[in-house]
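Biologist: I'm new to this one, so could you take a close look at the disulfide for me? Please set the scene around it too.

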Amino acid sequence: QVQLVESGGGLVQAGGSLRLSCAASGRTFSSLTMGWFRQAPGKDRDFVAAISRLGVSTYYADSVKGRFTISRDNAKNTVYLQMNNLKPDDTAVYYCAADFRSFTTGQAMGDRTTGLRYWGQGTQVTVSS
């Protein structure tokens, strides 16, 4: 079992930055594919970014490419999402997710039946205009 705890959300003005963190329990963090998703009110959950077990491969949604950066520190059992140049459309609850399997697309990771298995409780990000 893997437990994930997100932190770092908050209120920021458009153009500002935030860094989200997701701490994972257990001693198998380096075996986990890690991802970030978000869900805005009244909308579906969307893939944001993901990183492979050793951090060699990263994946981004088109809407965040060039603005967001995902990284991981396997020694600290933590994955990060650095968000720069934030826009009001980035307002959402951001969720961290993980799985011991490998995935090749964000869509596959986010599939509610076959996607990433472990999910955090989410952290709210609000971007004001």
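Modeller:
**The disulfide and its surroundings**

Of the 129 residues in the protein chain, 44% count as buried, where buried means under 20% relative accessible area, exposed means over 50% and partly exposed is in between (1.4 Å probe, protein chains only). Before going on, keep in mind that this is a predicted model: local features need pLDDT of at least 70, side-chain atom pairs count only at pLDDT 80 or more, and totals for chains, interfaces and linings use all residues. Residues are numbered from 1 along each chain as its sequence is written, and side-chain values use heavy atoms, with hydrogens and water left out.

Now for your disulfide, meaning a pair of cysteine sulfur atoms within 2.5 Å. That rule gives a count of 1 disulfide, and the partners are Cys 22 and Cys 96, with 2.1 Å from S to S. Cys 22 sits in strand β3 (residues 18-24) and Cys 96 in strand β9 (residues 92-99), so the link ties together parts that are 74 residues apart in sequence. The bond between Cys 22 and Cys 96 is left-handed, with -80° about the S-S bond. Both Cys 22 and Cys 96 are buried.

Those two strands belong to a bigger set: the protein chain has 1 helix and 11 strands. Here helices (H or I, at least four residues) and strands (E, at least two) are DSSP runs, numbered from the N terminus. Going along the sequence, the pattern is β-β-β-β-β-β-β-β-β-α-β-β.

The disulfide isn't alone in bringing distant parts of the sequence together. Among contacts in the protein chain with a separation of 6 or more, 59% are between residues 24 or more positions apart; contact means heavy atoms within 4.5 Å.

What about the overall shape? The C-alpha trace spans about 40 × 30 × 25 Å along its principal axes. The protein chain has a radius of gyration of 13 Å, which agrees with the value near 14 Å for a compact globule of 129 residues; the radius is taken over C-alpha atoms, and the globule rule is 2.2 Å times the number of residues to the power 0.38.

For a contrast with the buried cysteines, try Thr 104, which lies in the loop between β9 and α1 (106-110). Thr 104 counts as exposed because its relative accessibility is 65%. From Thr 104 to Met 83 is 21 residues in sequence and 23 Å in space, C-alpha to C-alpha.
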